[in-house]
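Here is a short report for a first look at this structure. Keep the sequence and the model in view while reading.

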There are 2 protein chains.
Amino acid sequence: MAKNTEDLRQRRPQQPVIDAFDRKILAALAADSSQSYARLGEAVGLSAPAVHERVRRLRQSGTIKGVHAALDGAALGKPLLAFVHVEAAGWGKSERLMQVLQFPEVEEMHSVAGDASVLFKVRTASPQALEAFLAQIHAVPGVSGTRSYIALSTYLERPVQAGVTDNWPDMPLPE
Amino acid sequence: MAKNTEDLRQRRPQQPVIDAFDRKILAALAADSSQSYARLGEAVGLSAPAVHERVRRLRQSGTIKGVHAALDGAALGKPLLAFVHVEAAGWGKSERLMQVLQFPEVEEMHSVAGDASVLFKVRTASPQALEAFLAQIHAVPGVSGTRSYIALSTYLERPVQAGVTDNWPDMPLPE
DNA sequence: AGTATTGGCGATTATTCTTCGGCAGAAAGG
DNA sequence: CCTTTCTGCCGAAGAATAATCGCCAATACT
């Protein structure tokens, strides 16, 4: 039977140690989450149930936050991608500002350090729609200005990768 | 029998008309792609095979580009998120610059209109790793400078949404 | 009107997911 | 050094889901 002291320790979702197997699984799932456990197991060198168990743990610990379909913005009628920097007078995160997150055009919102307070990633149907979004932003009290960066071409857009570079090359690049 | 003129039209993967059912399915899949077709059908008002067929079409047409697991950057050892603006002297897209996409830290790269040429979204293990990345960028010929925006808090980060706002409110916000 | 095409449904089969018991290896304790 | 305990993997079985088929209704085209 467990001691009392052990009963007291909270079950917080901490870092449950991610080994090489987990890394491979995560990398594979980030690339394509629609493959079967059997295939995953074959790829990483484990049986299907073993992979299943690891994925279950990774899900529960929050390392895997969910699985989502990647949609084509242009096909959905939103061909215009833009990053909007917002300069707020006071402090960026106002209740008022958070309300613009309701628009499906908004994909990201971060508070940042730099010459801007808040950064948005938005995907709109047209320049007019972007203008309408900016009008929403400017209507927020405390916003002193915005600077928009419209994407001309997207060369890469992918989810969080499992890999980490631990040996950055001194010279430009290894290849 | 079809006319000759019809035989000539190419089978290009064009916009295959996205109706309200498709929108609902896409919205549901963007939110959570791990639910069964039966549940999806129940949500949108179709049978499971009907949903299956629609998803198959949406996949083939490229509207659904894939399904990916959303990973937690911090849990993977990459707690630092930054947006890096790059000013390039000549033209941004050089072969040399594309090579940094090999690093798993790089999640996005766009060429943008604005006072920067190229915009990166990178997630690194530490400020030192970000510095190493910037060193790689500065080593690219033609790069005259960078400006980095480090994310302090992320209030929203989600995939491309299926919805489109067609009636932007004149006044601040509806709610 | 008649005909062809499209898309949905119910039912069936194939595949995958999920769980279970047993076992081997490592870690903790005597 | 041996025993005990625990963790994690495997093969196999059962449950759930995916994927396919034929039929039918609604629409478009001749």
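How many nonpolar, polar and charged residues does the surface near DNA strand D have? There are seven nonpolar, three polar and two charged residues. Ala, Val, Leu, Ile, Met, Phe, Trp, Tyr, Cys and Pro count as nonpolar, Asp, Glu, Lys and Arg as charged, and the others, Gly among them, as polar.

## About the model

This is a predicted model: local features need pLDDT of at least 70, side-chain atom pairs count only at pLDDT 80 or more, and totals for chains, interfaces and linings use all residues. Residues are numbered from 1 along each chain as its sequence is written, while chains are lettered from A and ligands numbered from 1 in the order in which they are written.

## Around DNA strand D

Both chains supply residues here. From chain A come A:F21, A:L46, A:S47, A:P49, A:A50, A:E53 and A:R54. From chain B come B:S36, B:Y37, B:A38, B:P49 and B:H52. A residue is near a strand if its C-beta atom, placed from the backbone, lies within 6 Å of it.

Three elements give two or more residues each: α4 (48-61) of chain A, and α3 (37-44) and α4 (48-61) of chain B. Helices (H or I, at least four residues) and strands (E, at least two) are DSSP runs, numbered from the N terminus. The largest share, four residues, comes from α4(A).

## Around DNA strand C

DNA strand C has 13 residues around it. The nearest are A:S36, A:Y37, A:P49, B:S47 and B:A50. Here α3 (37-44) and α4 of chain A, together with α4 of chain B, give two or more residues. The largest share is four residues, from α4(B). By class, this surface has eight nonpolar, three polar and two charged residues.

## How the two chains relate

A turn of 180° and a shift of 0.0 Å along the axis lay chain B on chain A, with an RMSD of 0.0 Å. That is the relation of a two-fold axis. Copies are superposed by least squares on the C-alpha atoms of residues with pLDDT of at least 70 in both. In chain B, B:H68 comes closest to the rotation axis, at 2.8 Å (C-alpha). The same surface serves both copies: 100% of the contact residues of chain B recur in chain A.

## Where the chains touch

The contact takes 69 residues from chain B and 70 residues from chain A. Two residues are in contact if their C-beta atoms, placed from the backbone, lie within 7 Å. On the chain B side, α2 (20-31), β1 (64-71), β3 (106-113), β4 (118-124), α6 (127-138) and β5 (143-157) give two or more residues. The largest share, ten residues, comes from β5(B). The chain B side divides into 38 nonpolar, 20 polar and eleven charged residues.

Strands also pair across the chains. Six bridges join β3 (residues 106-113) of chain A to β5(B), and these strands run antiparallel. Strands pair if DSSP finds at least two bridges between them. A:S111 stands opposite B:S153 in β5(B).

## A helix pair in chain A

Helix α2 (residues 20-31) of chain A packs on α4(A) at about 80°, with the axes 11 Å apart. Axes are lines fitted to C-alpha atoms, for helices over the stretch in contact, and angles run from 0 to 180 degrees between N-to-C directions. So α2(A) is roughly perpendicular to α4(A) (angles under 35 degrees count as roughly parallel, over 145 as roughly antiparallel, 65 to 115 as roughly perpendicular and the rest as oblique). In α2(A), the contact uses A:F21, A:D22, A:I25 and A:L26. In α4(A), the partners are A:V51, A:R54, A:V55 and A:L58.
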